[in-house]
Amino acid sequence: MDRNRTVAGLDVHKDSIYLCIMGHDETIIFEKTYGVLTPELRQMCNDMTDRGVSEAAMESTAVYWVPVWNELCVSMELKLVNPYFIKQLPGRKSDIKDAQWIAECLLKNLIRGSFVPEPIVQDMRKLNRRIMDLNEDMTYNCNKLDAALQRCGFRLSNYVSTIKSRSYQSVLQAIINGITDPEELVKMVHGRTVNKHGRDTVKAAVSGLFSKTDITVFRQIKEVIDTIERQIEECQKELTALCREHFPEQYRRIQTIPGVKERAATAIIAETGVDLKMFATAACLVGWCGLKPRNDVSNGRYKSRKVTHGNRYLRQILIEIAWVASRTRNCFFSNFSYIQTTVKKKSKMKIQVAIARKILVALWHMLSKGEDFIDIYLRRLEEQKLMEEKLKSLESKMA
């Protein structure tokens, strides 16, 4: 055992931090409770460095650990630990005892740190998760807008693919401008929609009773939606600029995967970074993302095979990529999806999770080895084509 080793355990709360410093022989050197204001965090950092602390561990409590991490990361080696892996021993119910237990686990090398990316990737994460939050707000407000229109008897959403379509938006803007005559509104609907459902049906769908109050509500909700769209575009531009500035090669390489374009590539880099040394194998990355079936077996029977909890932001973008890749012609993922869903009659939703997992495994190999995506399905087709050409040439020579 290293006799010069001094470790610290931190029990982080919203308004307080409990510190316990422990020596190599498990003796408690120092204990104290600190506040969470920046001067108090700096004082805690000074107290830790003065007592020779070289390693510290803390639980990942909501977002309260972030300012503590930022203050201490320069002065010592830190480990962020999932509370699930640090069970309290019987009798250890106080916060000071929690800090002691964390320090003792760290001293005995019983805990493993969670993945905390470098600062530039953390900034990219903030932008990516802001975009996802804005997309949720967009969906909520779009549904609110359509519900407000439906209350007035406006039924155009029943006949167009989405309320973000040009026809729907044109008619909505006309109503906000005070044009409510169905004869005028039906002219703004795309001809293909009119021909498909009939002019009389579309005219009846855009007819409604719109009061001044209704129009005010429409205008306000649309202004909110326009603001959200502008903020999403602003965040995405900044996120793309950071990717091109700091990780240009990885940004290009990830887009060689079928179904991955600018938005998906930036989201992947923002959530995983490009240095995957923290994940020893592809299976570790899959488990961290939450795409691995849970291990829940009792008496030889599988109680559950659902995927585990993990990085929901990365999992969400991977599932979206899987849907696109499964519809991309002449690629491994679309061929896999066809065989599993059509030939073997498996659940389409489960197959999308399987495709997402395969994409994540490919990402681990690509970023770890510095290689572009290789589609084994296309390679197999090329090899088969070459073999057929060779057979034809041999047959012609023998004839």
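## Asparagine 311 and its surroundings

Contact here means that heavy atoms lie within 4.5 Å of each other. In this predicted model, asparagine 311 touches Arg125, Arg129, Glu271, Trp288 and Cys289, when residues up to four places away in sequence are not counted. Asparagine 311 itself is found in the loop between strand 7, residues 301-304, and helix 13, residues 312-325.

Is asparagine 311 buried or exposed? Its relative accessibility is 8%, and because buried means under 20% relative accessible area, asparagine 311 counts as buried.

## Helix 4 against helix 11

Three of the residues touched by asparagine 311, namely Arg125, Arg129 and Glu271, also appear in the contact between two helices. A pair of packed helices is described by the angle between their axes and the distance between the axes. Helix 4, residues 119-151, packs with helix 11, residues 262-272, at an angle of about 130°, and their axes are 8 Å apart. That angle makes helix 4 oblique to helix 11, because an angle over 145 degrees would be needed for roughly antiparallel, while 65 to 115 would count as roughly perpendicular.

Helix 4 passes helix 11 in a left-handed crossing. From helix 4, the contact is made by Val121, Met124, Arg125, Asn128, Arg129, Ile131 and Met132, and from helix 11 by Arg263, Ala267, Ile269, Ala270 and Glu271.

## Aromatic pairs

How many aromatic pairs does the model hold? Where ring centres within 6.5 Å make a pair, the count comes to eight aromatic pairs. In one of them, the rings of phenylalanine 279 and tryptophan 288 have their centres 5.2 Å apart and their planes at 50°, so the pair is tilted. Phenylalanine 279 is buried, with a relative accessible area of 5%, whereas tryptophan 288, which is also among the residues touched by asparagine 311, is partly exposed, with a relative accessible area of 23%.

The rings of phenylalanine 332 and phenylalanine 333 have their centres 5.5 Å apart and their planes at 75°, so this pair is edge-to-face. Phenylalanine 332 is buried at a relative accessible area of 18%, and phenylalanine 333 is buried at 2%. Elsewhere, Phe154, Tyr168, Phe210 and Phe218 form one aromatic cluster.

## Charges over rings

Aromatic rings also meet charged side chains in this model, as with phenylalanine 30, over whose ring the charged end of arginine 51 sits, 3.9 Å from the ring centre. In a similar way, the charged end of lysine 358 sits over the ring of phenylalanine 336, 4.8 Å from its centre.

Terms used:
Residues numbered from 1 in each chain as written. Predicted model: local features only at pLDDT ≥ 70, side-chain atom pairs only at ≥ 80, totals over all residues. Heavy atoms only, no water. Phe/Tyr/Trp six-rings, centres within 6.5 Å; stacked < 30°, edge-to-face > 60°. Buried < 20%, exposed > 50% of the residue type's maximum accessible area, 1.4 Å probe, protein only. Lys NZ or Arg CZ within 6 Å of the ring centre and 35° of its normal. Axes fitted to C-alpha atoms, helices over the stretch in contact; angles between N-to-C directions. Helix = DSSP H or I, 4+ residues; strand = E, 2+ residues; numbered from the N terminus. Parallel < 35°, antiparallel > 145°, perpendicular 65-115°, else oblique. Left-handed = near helix turned anticlockwise from the far one by under 90°.
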